[in-house]
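Let's go through some labels and ask what earns them. The structure comes up next, and the questions follow.

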Amino acid sequence: RGGSDKLWPGLKFWVNDAYLKEKAGKEYVYAMVDDRYLKGFWSQRRLMRLEDFINNQERYYLTSQKLAGNSAFQPPLRGNLSSDFKIPPLLDGGKPKSVNFWFGNGEKVSRLHHDDYENLAVIVEGRKRYILCSPAEAKMMNTVGNIKVILPNGKIIYHESDSSHGEHFCLNSIYEKNVLSGCVDVEAHSGDLIYIPGGWFHQVKSTGNPKHKAVNIWWDFF
């Protein structure tokens with residue numbers, strides 16, 4: 001619980017939208033039109049400046065990006081905001097794959113899914129409820145792709161014929177049924193950090209008053 005203020009004291013300024021607009025308002029970001037994590041969800045995104053997103057945040061949701069080229073830091077975390085958030089010393093040699101800023105208004109619920117990376121999330125504002133399920137429960141998750149094997153480190157491999165952008169998503173919601181024995185239910189608040197091991201299924205409900213913001217780091221499996 002807590003601790004992010006010691007690692008990243010500059011994050012306390014990010015609760016102020018005026019600060020974000022001053023520092024990075026002209027940066028371009030992709031904003032999701034709604035919060036449904038559908039197969040092919042990139043088609044639901046709109047390219048806009050961060051300041052325009054903030055001015056219309058009730059209509060959009062800022063999630064992971066694909067704009068930064070060879071840099072792991074995704075917009076708007078490069079440029080003037082980069083001094084507020086650094087890679088923790090523990091991960092400094094881990095070559096992070098992606099560092100993203102998540103920003104929403106009102107309740108947002110992700111699809112149940114797993115990632116192919118280790119994940120460290122930092123809650124900047126609001127709260128997030130995580131339901132986390134072990135890869136051992138993978139056969140119960142009704143994934144889009146057909147699972148071939150689950151490696152000892154938790155990485156889930158799919159049959160090549162099913163390889164697509166969305167094979168790691170699930171066709172059901174964990175909120176719609178009883179939590180399995182291999183799942184845990186955690187709520188993280190502003191200032192908290194949460195680690196999600198690679199291969200672990202998770203569904204995230206984000207809420208705030210009304211805003212919620214977070215930063216996450218994805219890096220290769222341990």
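Q: This is a predicted model, so what makes Asp185 and Arg129 a salt bridge?
A: Their closest N and O atoms are 2.6 Å apart. The cut-off is 4 Å between a Lys or Arg side-chain nitrogen and an Asp or Glu carboxyl oxygen, so the pair counts as a salt bridge.

Q: What does the pair of Asp185 and Arg129 tie together?
A: Asp185 sits in strand β10 (residues 183-189) and Arg129 in strand β7 (residues 127-133), so the bridge ties together parts 56 residues apart in sequence.

Q: Why is Asp185 called partly exposed?
A: Its relative accessible area is 43%. Buried needs under 20% and exposed needs over 50%, so Asp185 lands in between.

Q: And why does Arg129 count as partly exposed?
A: Arg129 has 25% relative accessibility. With buried meaning under 20%, that value is not low enough, so Arg129 is partly exposed too.

Q: Which residues do salt bridges with shared partners join into one network?
A: Asp17, Glu125, Lys211 and Lys213.

Q: How do you know that Lys211 and Asp17 form a salt bridge?
A: The closest N and O atoms are 3.1 Å apart, and the limit is 4 Å, so the pair qualifies. Lys211 belongs to strand β13 (residues 211-219) and Asp17 to helix α2 (residues 17-24), so parts 194 residues apart in sequence are tied together.

Q: Are Lys211 and Asp17 buried or exposed?
A: Both Lys211 and Asp17 are buried.

Q: What makes Glu51 and Lys26 a salt bridge?
A: N to O, the distance is 2.9 Å, and anything within 4 Å counts, so the label fits. Glu51 is in helix α3 (residues 50-55), while Lys26 is in the loop between α2 and β1 (28-32), 25 residues apart.

Q: Why is Lys26 called exposed?
A: Lys26 has a relative accessible area of 55%. The bar for exposed is over 50%, so Lys26 clears it.

Q: How many salt bridges does the structure hold?
A: Seven.

Q: Which residues touch the most other members of the largest nonpolar core?
A: Among its 28 residues, they are Trp14, Leu20, Phe53, Phe85, Val99, Phe101 and Val215. At least two core residues come from each of α2, β1, α3, β4 (98-105), β6 (118-125) and β13.

Q: What does Val215 touch?
A: Leaving out residues up to four places away in sequence, its contacts include Trp14, Leu77, Phe85, Val99 and Phe101.

Terms used
Residues are numbered from 1 along each chain as its sequence is written. This is a predicted model: local features need pLDDT of at least 70, side-chain atom pairs count only at pLDDT 80 or more; totals for chains, interfaces and linings use all residues. Side-chain values use heavy atoms; hydrogens and water are left out. Helices (H or I, at least four residues) and strands (E, at least two) are DSSP runs, numbered from the N terminus. Buried means under 20% relative accessible area, exposed over 50%, partly exposed in between (1.4 Å probe, protein chains only). A nonpolar core is a set of buried Ala, Val, Leu, Ile, Met, Phe, Trp, Tyr and Cys residues joined through side-chain atoms within 4.5 Å. Contact means heavy atoms within 4.5 Å.
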